[in-house]
Amino acid sequence: MHLLAGLDRPTSGTVTLGGVELTGLDDRRLTELRRDRVGFIFQTFNLLPVLSAEENIVLPLSIAGRDVDREWFDRLVDTVGIRDRLSHRPAELSGGQQQRVAVARALISRPSVVFADEPSGNLDSKSSGDVLALLRQAVDDFGQTVVMVTHDAHAASFADRLLVLADGKIVHDGPAASTEEALDLMKAVG
Amino acid sequence: MLALVLRGFLQRKLRVLLTGIAIALGVALMAGTYILTDTINHAFAEVFGTAYANKAVVVTEKETLGRGSGSEVSVLNAATLARVRAVPGVAAASGSISSRAALLTTSGKRLTSSGAPALVDAVQPPRFEAFTAAKGHLPSAADEVAIDQGTATREHLRLGQQIVIAGRSPARDYTISGIAKFAGSESFGGASVVLLVTQQAQYVAGEPGAYNGINVANSAGVSPQELAARVRAALPATLTVRTGAQEAANQTSELEEQLGFLRTFLLIFAYVALVVGAFIIFNTISITVAQRTREFGLLRTLGASRGQIMRAVVEEGLLLGVVGAVIGLLGGIGLAPALDGLFKAFGADLPDNGTVLEARTVIVSLGVGIAVTVAAGFFPALRATRVPPIAAMREGVAIPPRPLPSKRALVIRFVIVLVLVVAVSSVSKGVGVVLLIGVVIRGLRLRYRLRHHGKQRNYRVIPALAGGIGWLISWRGITARLARENSVRQPGRTLVTALALTVGLGLVAFISVLAAGTKTTIDQAVSRSFAGSLIVQNSQSGQGLPAAVAPAVRTVRGVGAVTAVAFTQGRVRDLAVEGAPVIAEKSTVTAIEPESFVKMYKTEWEHGSPATLTALGPDDTVITKKFASAHDLHVGQRLSVLTASDHEVTLTVKGIVKEEVLGLLTNLTVLRSLASSAFGQREDGVDFVSYAAGANGAEVRHGINSLLRANFPQTHSQTAAEYTHEVSNKVDKFLLLVYVLLALSVIVSLFGIVNTLILSIYERTRELGMMRAIGTSRSQIRQMIRYESLITALIGGVLGLVIGVVGAILVTIFALSGEGYVVSIPVGTLLVTLLAAALAGLLAAQLPARRAARLDVLGALTAE
């Protein structure tokens, strides 16, 4: 996933994102690409503790020096359901709330793709379900592509396409699966 | 545990180096100061030792009231010399006369570096003369002069060339007959020396027939001590008789005393730098202790005692101190010549023959450097001991605050600390002061904590300042916004980092305000009191004006009046009190010519009027209000004054003037005729000139200047405006020197900013990784760090300016306004200071910003 997101460079092969070949890009272009075309959701939320929830959500736009599309912002905030928490700082939010802020941050710049690295890994089951539902909603309602990495079969069951990796090789590539099917697939690689 | 500390050190080389430098710079200045002053002392001791090596006994004048400034008449003469020669056991005796004079080229350029006066000595018979001719011959005719090789080389002087010597008599031309070496070395400890035949040396000194020293050689079988005793018995008690060795030691110790001032002056700046360094060490160790909470928790879990944790941190401070102090000492050895160069650049030429590194220098520099570091690291070490073992298991365990001690424990602790501080102060005052400041800060903090028992400490100043500065740069977007927030994330840390800068900049502000006040005060004083047209002075300040100048200027066409003012001193006894106790050991005395003086100098009176001055008799004096109130003196009171030439005069107080500190009238004012008779004063300080009514000012001045150039080339005339301009230039020059020395403290505080930034960046590694991942460019990261540094630096700058300006205003109002000082705020200088703080902040951010921008995104994201 680090390769796909332009965080690391492949030793061989190529990565193409939204029609752009990443392999040959320099650091500046890669950075701009991540800023404009990629959204990130991390296991440990990674919000800036010094900024409010609202400021965290619009951070990618602030970095790019762009204006906030208020309509889109409002829609995102309502979708993730943190309108009453906008002025709070991360330390004043629960884990689930923080991750929902992170989801909104990943979507704010309408990226080509959102990469989610174990988005539910640090959450209790209730919050975890909420966040996964949110990602699903992003795909269904906003037509957002989401690439998620997870060890959790339940999380995997939310996806439309399922790839199983074992020791760096794709051992399964198939359509959506239920939690049990996903679990079986993952068990198979041990 | 030591092995652990050492390993930790090697892993954090950059930080150790940066922190070590914080203390090293202060130590370097300290070591450099000792080395420089020791070198100078050593050079002079050698010079004096050589100068008196071949003189068994030396007769000089009694040193009443620090006589030797050379402005009093010499009392030795041919008769004294004859009496010395008659003493049995005297193989030879020769009279010497030494004075200070200006050395110029025939075109009027001063030959001595930075205009310092040269020594003019009478050439002695070969057995006494320490100088030998390297080229040509020592003077034997009236128009011949020998000059030391050092000066000759520097000024490219050749045999046969004409030079001008301007002392107390009208200047004369001499032909260089010889280039002289002083006991094999090129110069006389760096000073310029010229040798003339005795009669010419007496002419330059303005004292025909007089000597101010007699050199005596002993016959075989008579020891110098024995001979000294015999000579002493043959001469009046008003003369001093010493052996050559005693005289050399005496002159050396006198010089050391004078140099003590230089040492103290420089050491002040070293201690300031050390205080700043202590701030930084305290901050750095505090931050690392906080960052290593988990590590300490783990050690505690594994069974390490509190004492062991404490030792580990203290040992780290100790090692840091050793590293810093050693670097500092080595730096000091390199710095000493630079300091010498600095003083040369600012006009003080000091001799330097080789570098003298005394054991004391090494011990004191290392000791102070290590002590300051360990002391600064002690409090964070104490904090580290309070890490609970649970910290090993969880992240974000805060170190619990220290339980508050009982009042009794506090008092006991206070007494113990006070005793310790006093004990340390008796060894080294500087360290004592540093400790005292530390104790006071601790005390204030404890008081604060006692009052706000249990409440979270909250900062107001830092967020407010950061907010204000952040607002100013908020147009720079998200990087500025984040920088502002980051700078208040740990307000205590930011405060200490900024305070390190505050110390240096606060002193800059303080001194610049005082200096501006001084300039304004002088300006006002001159325009208020000076009513003449021109001021004639020696163009080298502090040097006297030949008494012959005033009568000479009077003869210039168009000159209305000339008044000469001389300055001397006396020991004052109050005759109104039984036993006539001494009330002022060395009281300054102004000597005036009242008739012309009152026309050109205005002053305010407490008792009396200008008429009091014009009616002043030879037994009368006028005193200042300050002197009067300090010693409870009144009009009509009688005072006994011992003069510099050992006369006792009785004076009656006739009036009291409200003279301010920069006024011309000093403690006592007497007639100039009395000064030249009873005080032996033969030089003036300044002459005031006024043009005759209807005279063309430009023409008169031209006439005066031509006269001065021809006969007294060491003097010059100035209008009041030119004079104040010159004074203000001098103040500026001194300020520049102080700024250069304070710059060291500012540089030290820059290392503090660098250190704090690097440590904060380390703490925020993952945050930075995330920012990079979501598309923050490297230059944006750099910008953010730079702004953070800028904000910290400006907080330090603003606090410094406020403290410095307020401090200077308070000092002026409470301590100096009584003497007529006014407050003046040098807005331009202060703005430049703030700008310098901002630039310093940006400079300090370079390295941390580069490091932050270079972070590997993936590595940073997965960092713990």
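# A predicted two-chain model in questions and answers

Q: Which residue just after α23(B) takes a positive phi?
A: In this predicted model, helix α23 of chain B covers residues 765-773. Just after that helix, a positive phi of about 110° is taken by Gly775(B).

Q: How many of the nine residues of helix α23 of chain B are buried?
A: To count as buried, a residue needs 20 or more other C-beta atoms within 10 Å of its own. Those of α23(B) that meet this condition are Glu767(B), Leu768(B), Gly769(B), Met770(B), Met771(B), Arg772(B) and Ala773(B). The helix is therefore described as mostly covered, and the number of its buried residues is seven.

Q: Which elements of chain A help to cover the buried residues of α23(B)?
A: The cover includes elements of both chains. Chain B contributes α22 (720-763), α24 (778-816), α25 (827-854) and α26 (857-861). From chain A, the cover includes α1 and β3.

Q: Which element gives the most to the side of chain A that touches chain B?
A: The contact draws 22 residues from chain A and 18 residues from chain B. On the side of chain A, the elements giving two or more residues are α1 (27-37) and α3 (59-64). With seven residues, the element that gives the most is α1(A).

Q: How many residues of the side of chain A that touches chain B are charged?
A: The residues on this side divide into three classes, of which 10 are nonpolar and five are polar. The number of charged residues is seven.

Q: Which strands are the edge strands of the open sheet of chain A?
A: Three strands of chain A make up this open sheet, in the order β3-β4-β5, and their pairing is parallel. The twist from one strand to the next averages 20°. An edge strand pairs on one side only, and here the edge strands are β3 (38-41) and β5 (145-149) of chain A.

Q: Which residue of β5(A) stands opposite Ala116(A)?
A: Strand β4 of chain A, residues 113-117, runs parallel to β5(A) and is joined to it by five bridges. Opposite Ala116(A) in β5(A) stands Met148(A).

Q: What angle does the direction of helix α5 of chain A make with that of β3(A)?
A: Helix α5, residues 95-107 of chain A, packs on the sheet and touches β3 and β4 of that chain. Its direction and that of β3(A) make an angle of about 170°.

Q: Which helix gives the most to the side of domain 1 of chain A that touches domain 2 of chain A?
A: Chain A is divided into domain 1 (1-9 + 25-150) and domain 2 (152-190), with 24 Å between their centres, taken over C-alpha atoms. Six residues of domain 1 are in contact with five residues of domain 2. With three residues, residues 125-142 of chain A being its span, the helix that gives the most is α6.

Q: What distance separates the centres of domain 1 and domain 2 of chain B?
A: The domain assignment of chain B gives domain 1 (59-238), domain 2 (459-530 + 719-864) and domain 3 (534-718). Taken over C-alpha atoms, the centres of domain 1 and domain 2 of chain B are separated by 54 Å.

Q: Which residues of strand β10 of chain B point the other way from Val193(B) and Leu195(B)?
A: In a regular strand the side chains alternate between the two faces of the sheet. Strand β10 of chain B spans residues 193-196, and Val193(B) and Leu195(B) point one way from the strand. The residues that point the other way, buried like those two, are Val194(B) and Leu196(B).

Q: Which residue of β7 of chain B is the bridge partner of Val194(B)?
A: Strand β5 of chain B, residues 118-122, runs parallel to β10(B) over four bridges, and Val120(B) stands opposite Val194(B). Strand β7 of chain B, residues 144-148, runs antiparallel to β10(B) over two bridges. From β7(B), the bridge partner of Val194(B) is Ile147(B).

Q: Which residue in the turn between β20(B) and β21(B) has a positive phi?
A: Strand β20, residues 638-643 of chain B, pairs with β21(B) in the antiparallel sense over five bridges, and Arg638(B) has Thr652(B) as its bridge partner. The two strands form a hairpin with four residues between them. In the turn, a positive phi of about 70° belongs to Asp646(B).

Terms used
Residues are numbered from 1 along each chain as its sequence is written. Chains are lettered from A and ligands numbered from 1 in the order in which they are written. This is a predicted model: local features need pLDDT of at least 70, side-chain atom pairs count only at pLDDT 80 or more; totals for chains, interfaces and linings use all residues. Two residues are in contact if their C-beta atoms, placed from the backbone, lie within 7 Å. Ala, Val, Leu, Ile, Met, Phe, Trp, Tyr, Cys and Pro count as nonpolar, Asp, Glu, Lys and Arg as charged, and the others, Gly among them, as polar. Two strands pair if DSSP finds at least two bridges between them. Axes are lines fitted to C-alpha atoms, for helices over the stretch in contact, and angles run from 0 to 180 degrees between N-to-C directions. Domain bounds come from an automatic or database domain assignment. A residue is buried if 20 or more other C-beta atoms lie within 10 Å of its own, exposed if 12 or fewer, and partly exposed in between; C-beta atoms are placed from the backbone.
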